[in-house]
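Student: I should like a close look at a single part of this model. Please take one helix and describe its contacts and surroundings in a connected account.

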Amino acid sequence: MRDVLLRIDAATPATRDRGIDALRALAILGVVLGHWLVTALVVDSGTVRAASPLHYMPALAPVSWVLQTLAVFFFVGGYVAARGHASARAARTPYARRLRARLDRLFRPVAAVLAVWAVVLGLMLASGVGYATVRALGKLALSPLWFLLVFAVLTAATPLAVRLHPLWPLAVVGCVDLWRLRCDGPAALGWVNVAAGWLVPYALGARGARHGLPGRRTACVLLGGGAAATAGLVLAAGYPAAMVGVPGAAVSNLDPPTLAAVTFGLAQCGAALLLLGPLRRVLRRPAAWAAVALLNLSAMTVFLWHQTAMMAVSALGLLAGGALPGLHTVPDGGGWVAARLPWLPVFAAVLLVCRAAFHPYERGRTRHARYLGWGE
């Protein structure tokens, strides 16, 4: 094992920023744990539906502040894409070729997800499973794809993003929210924020690649200013406290992204920048770096299949003959939370099986020993 760790460490280029890779890994873990904790599949009169403990226990909203890490995804993605774009220009690599390679790496694992779930959903419908159940499961399984579509659009726009100040898309998000939430504008206008909202951290990362990552002072301003703005929007402007979607809520901070979600994301980016130094020091140890490298190598597989792993455990649990606490029961109290936590290692074990089965689609033609990282 020690030899494996040392080989991974030696195979990593000296120019690679291990702290950036660690931020990506933390963002992946945040999304996975967040979905596993705030999404429950409730069995009710023969129908399976999704429910959220945040709907029944609003006091758990701080959990979403820790585990909703999408802004860090986009920040790291913008940083990595901008560096890759600069390297491609220096090497006179055509932009179209570079973009095709990046998108191929991004979408290659998606084909496996779509194929498997097309078969699963078709078999469910053919066997007489109710449409409501099929719709709920299909929506959970395929929901990660919205992120990839937005990420792909921003990736294609990297040459523009490196020249764009993050305040411009932030202003767009504010204007859209003002119009649709305060001036009774059309609800469809909110979808402008799907691009503009996530462009803020993406452009911030791209700007860091071009001009250098912000220092500690700027990071503190992002953290403090973003947190204060988010608190003000929640307390004074009526934005939801939960930074994830809650079924039944009148307004969602993510569907589409609101100004509160974007300011919260800026606070997260500030915190991420403050973590970079300590992370870089920790990752000098081969064991710590190997864990981060291997997770990044499987990032797309983990991201695309983590909901499937949870649903597979829930489906197998039904074979026990009744609703299992923390797995099929309504998430309406502290007892559900206590019952849910022991299921997390089971979800992780099934996710490892999915990783073993479907990681080759993510690897493509690259060698496993060569650490490429996600999104590069």
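Tutor: The account below follows helix α2 and then turns to the parts of the chain that are linked with it.

The model is a predicted one. Helix α2 covers residues 18-38, and the loop between α1 (2-11) and α2 holds Asp17.

Salt bridges at and before the helix. A search of the whole structure finds six salt bridges. Within α2, Arg24 and Asp21 form one of them, with their closest N and O atoms 2.7 Å apart. These two residues lie three positions apart in the helix, so about one helical turn separates them. Arg24 and Asp21 are both buried. A further salt bridge joins the side chains of Asp17 and Arg280, with an N to O distance of 2.7 Å. This pair connects distant parts of the chain, since Asp17 lies in the loop between α1 and α2 while Arg280 belongs to helix α13, 263 residues apart. What is the burial state of each partner, buried or partly exposed? Asp17 has a relative accessible area of 14% and is therefore buried, being under the 20% limit. Arg280, by contrast, has a relative accessibility of 36% and so counts as partly exposed.

The nonpolar surface patch. Leu26, Leu29, Leu33 and Leu275 make a nonpolar surface patch of about 320 Å². Helix α2 supplies the largest share of this patch, namely three residues. Leu275, however, is located in helix α13, which covers residues 259-282. The relative accessible area of Leu275 is 40%, so this residue is partly exposed. Helix α13 thus appears in both settings, because it holds Arg280 of the salt bridge with Asp17 and Leu275 of the patch.

Helix packing. Helix α2 packs with helix α5 (residues 70-90) at an angle of about 150 degrees, and their axes are 8 Å apart. An angle over 145 degrees counts as roughly antiparallel, and α2 and α5 are therefore roughly antiparallel to each other. Their crossing is left-handed. Helix α13, in turn, packs with helix α12 (residues 216-236), again at an angle of about 150 degrees, with the axes 7 Å apart. It follows that α12 and α13 are roughly antiparallel to each other. The crossing of α12 and α13 is left-handed.

A salt bridge in another helix. For comparison with the pair inside α2, helix α6 (residues 95-126) contains Asp104 and Arg108, which are four residues apart and so separated by about one helical turn. Their side chains meet in a salt bridge with an N to O distance of 2.6 Å. Asp104 is partly exposed at 40% relative accessibility, and Arg108 is partly exposed with a relative accessible area of 25%. In addition, salt bridges with shared partners join Arg16, Asp21 and Arg24 into one network.

In summary, α2 contains the buried residues Asp21 and Arg24, gives three residues to the nonpolar patch and packs with α5.

Note on methods: Residues are numbered from 1 along each chain as its sequence is written. This is a predicted model: local features need pLDDT of at least 70, side-chain atom pairs count only at pLDDT 80 or more; totals for chains, interfaces and linings use all residues. Side-chain values use heavy atoms; hydrogens and water are left out. Patches are made of residues with over 30% relative accessible area and no salt bridge: like charges are joined within 9 Å, nonpolar side chains (Val, Leu, Ile, Met, Phe, Trp, Tyr) within 5 Å. Accessible areas come from the Shrake-Rupley method with a 1.4 Å probe; for residues, only the protein chains shown count as cover. A salt bridge is a side-chain nitrogen of Lys or Arg within 4 Å of a carboxyl oxygen of Asp or Glu. Buried means under 20% relative accessible area, exposed over 50%, partly exposed in between (1.4 Å probe, protein chains only). Axes are lines fitted to C-alpha atoms, for helices over the stretch in contact, and angles run from 0 to 180 degrees between N-to-C directions. Angles under 35 degrees count as roughly parallel, over 145 as roughly antiparallel, 65 to 115 as roughly perpendicular and the rest as oblique. A crossing is left-handed if the near helix is turned anticlockwise from the far one by less than a right angle, and right-handed if clockwise.
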